[in-house]
Amino acid sequence: MQEVEEDKLKAQKYFDKGYIINGPRLQRLTLRDMEVCLGSNYFEFLLRPLPQLTHLDLSGATHRDGHGDFEFLLVLQNLKSLVLHDVPGITQSALVTISKLKLLR
């Protein structure tokens, strides 16, 4: 339990800054086998400051609370390539959300 509290304190500095990665021109990002235990909006918070992202690989990424309908992907309007190999929780509603990404090949 103490580890979770320590993680929350470490994460707070990023929330205070308003971003985890400040990469307005970043185009490619790979986050393989990432395990997220904090905040249901973690992925949206991570991806929102990356408006030029065209390629995203989340292979094996898990979230303690699940990925929901993958709505966090909708902040990536320039996304052309998405890899979700071995990502749990890809439901029919998640596929509907993903299909809203018009540039996705």
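His63 counts as buried because its relative accessibility is 9%. Here buried means under 20% relative accessible area, exposed over 50%, and partly exposed in between, for a 1.4 Å probe and protein chains only. This is a predicted model: local features need pLDDT of at least 70, side-chain atom pairs count only at pLDDT 80 or more, and totals for chains, interfaces and linings use all residues. Residues are numbered from 1 along each chain as its sequence is written, and side-chain values use heavy atoms, with hydrogens and water left out.

**His63 and His67**

His63 sits in strand E4 (residues 62-63). Helices (H or I, at least four residues) and strands (E, at least two) are DSSP runs, numbered from the N terminus. The side chain of His63 reaches the backbone nitrogen of Asp65 at 2.9 Å. That is a polar contact: a pair of N or O atoms within 3.5 Å; within protein, one must be able to donate a hydrogen and the other to accept it, and residues adjacent in sequence count only if both atoms are side-chain atoms.

Beyond four places in sequence, His63 touches Val36, Leu38, Gly39, Ser40, Tyr42 and Phe43. Contact means heavy atoms within 4.5 Å. His63 and Met34 are 29 residues apart along the chain, and their C-alpha atoms are separated by 8.3 Å.

His67 lies in the loop between E4 and strand E5 (81-83). His67 is buried because its relative accessible area is 9%. Leaving aside neighbours within four places in sequence, His67 is in contact with Phe43, Ala61, Thr62, Phe72, Val87 and Pro88.

**The nonpolar core**

In soluble globular proteins, nonpolar side chains tend to be buried together. A nonpolar core is a set of buried Ala, Val, Leu, Ile, Met, Phe, Trp, Tyr and Cys residues joined through side-chain atoms within 4.5 Å. The largest one here has 25 residues. Those with the most contacts inside it are Phe43, Leu47, Leu56, Leu58, Phe70, Leu73 and Leu76. Helix H2 (42-47) and helix H3 (92-98) are the elements that give two or more residues to this core. H2 provides the largest share, 4 residues.

Leu76 touches Leu47, Leu50, Leu53, Leu56 and Leu101, not counting residues up to four places away in sequence. Leu58 is placed in the loop between strand E3 (55-57) and E4. With residues up to four places away in sequence left out, Leu58 touches Leu31, Phe43, Phe72, Val83, Leu84 and Val87. Leu58 and Leu31 are 27 residues apart along the chain, with their C-alpha atoms separated by 5.1 Å.

**Loop residues and accessibility**

The table lists four loop positions.

| Residue | Loop | Relative accessibility | Class |
|---|---|---|---|
| Gln27 | between H1 and E1 | 46% | partly exposed |
| Asp33 | between E1 and E2 | 61% | exposed |
| Leu58 | between E3 and E4 | 1% | buried |
| Phe70 | between E4 and E5 | 0% | buried |

Which backbone angle stands out at Asp33? Asp33 has a positive phi of about 55° although it is not a glycine. Phe70 also has a positive phi, near 60°, in a residue other than glycine.

Gln27 touches Gln52, Leu53, Thr54 and His55, not counting residues up to four places away in sequence. Gln27 and Arg105 are 78 residues apart in sequence and 15 Å apart in space, C-alpha to C-alpha.

**The largest pocket**

The largest pocket has a volume of about 170 Å³. The search uses a 1 Å grid over the protein atoms alone; a pocket is an open set of points where a 1.4 Å probe fits, with protein on both sides within 12 Å along at least five of seven lines, and lining residues have an atom within 4 Å of a point. Grid points are joined across faces, edges and corners, and the volume is the space filled by probe spheres set on the points.

The lining consists of Asp7, Ala11, Tyr14, Phe15, Ile20, Met34, Glu35, Val36, Cys37, Leu38 and Tyr42. Helix H1 (2-17) and strand E2 (35-36) each supply at least two of these residues. H1 gives the largest share, 4 residues. By type, the lining divides into 9 nonpolar, no polar and 2 charged residues. For this count Ala, Val, Leu, Ile, Met, Phe, Trp, Tyr, Cys and Pro are nonpolar, Asp, Glu, Lys and Arg are charged, and the others, Gly among them, are polar.
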